[in-house]
Amino acid sequence: MAHYSSGKIECAECGFWENPDALCIDHMNNGGTKHRKEIGGGGLSTYRWLIKNNFPPEYQVLCLNCNWTKEMNHRQHIKTIRDAKYQKYPIC
Ligand SMILES: [Zn+2]
């Protein structure tokens, strides 16, 4: 964990660090869930995998709040793209 916050364990978005239990490793390309399946389970096995693979740079530390906000933004983004498509090609 400390590796991703330049020695300090904190959220990359808001700097939250008071409760390490509320921090998690986030895959920057939203591929976290798929990847967790590939390496077999989340939580500790993710950290072990990261250490084993010398901390790939596409991961970051986020607090659960920011992680959730990011997920919501991602969904909103997909929805916006969909809405734009429907406006272009109206269904009637
Ligand atoms: Zn945060």
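**Exercise 1. Find which residues form the largest nonpolar core, and which strand gives the most to this core.**

Solution. Start with the terms. A nonpolar core is a set of buried Ala, Val, Leu, Ile, Met, Phe, Trp, Tyr and Cys residues joined through C-beta atoms within 7 Å. A residue is buried if 20 or more other C-beta atoms lie within 10 Å of its own, exposed if 12 or fewer, and partly exposed in between, with C-beta atoms placed from the backbone. The largest such set has 8 residues: Cys11, Leu23, Ile25, Tyr59, Val61, Leu62, Cys63 and Cys66. Strand S1 (23-27) and strand S2 (59-63) each contribute at least two of them. S2 gives the most, with 4 residues. In soluble globular proteins, nonpolar side chains tend to be buried together.

This is a predicted model, in which local features need pLDDT of at least 70, side-chain atom pairs count only at pLDDT 80 or more, and totals for chains, interfaces and linings use all residues. Residues are numbered from 1 along each chain as its sequence is written.

**Exercise 2. Describe how S1 and S2 pair, and what Leu62 is in contact with.**

Solution. Strands (E, at least two residues) and helices (H or I, at least four) are DSSP runs, numbered from the N terminus. Two strands pair if DSSP finds at least two bridges between them. S1 and S2 are antiparallel, with 5 bridges. Cys24 stands opposite Leu62 in S2. Of the 5 residues of S2, 4 are buried.

Next, take contacts, meaning C-beta atoms, placed from the backbone, within 7 Å. Setting aside neighbours within four places in sequence, Leu62 touches Cys11, Ala12, Glu13, Cys24, Asp26, Asn67 and Lys70 by this criterion.

**Exercise 3. State where Pro20 and Pro57 lie, and whether each is exposed or partly exposed.**

Solution. Pro20 belongs to the segment before S1. Pro20 is partly exposed because 13 other C-beta atoms lie within 10 Å. Its C-alpha is 7.4 Å from that of Ile9, 11 residues away in sequence.

Pro57 is in the loop between helix H2 (44-52) and S2. Pro57 has 8 C-beta neighbours inside 10 Å and therefore counts as exposed. The C-alpha atoms of Pro57 and His27 are 9.4 Å apart, with their positions 30 residues apart along the chain.

**Exercise 4. Give the order of the elements, and which has the lowest mean pLDDT.**

Solution. The protein has 3 helices and 2 strands, in the order β-α-α-β-α from the N terminus. Buried residues are 13% of its 92 residues.

pLDDT is the predictor's confidence in each residue, from 0 to 100. The mean for the protein is 76, and 65% of residues reach 70 or more. Among the elements, helix H1 (residues 32-39) has the lowest mean, 59, and helix H3 (residues 64-88) the highest, 88. Where pLDDT is low, the predicted coordinates should not be read in detail.

Technical notes: Contact = placed C-beta atoms within 7 Å.
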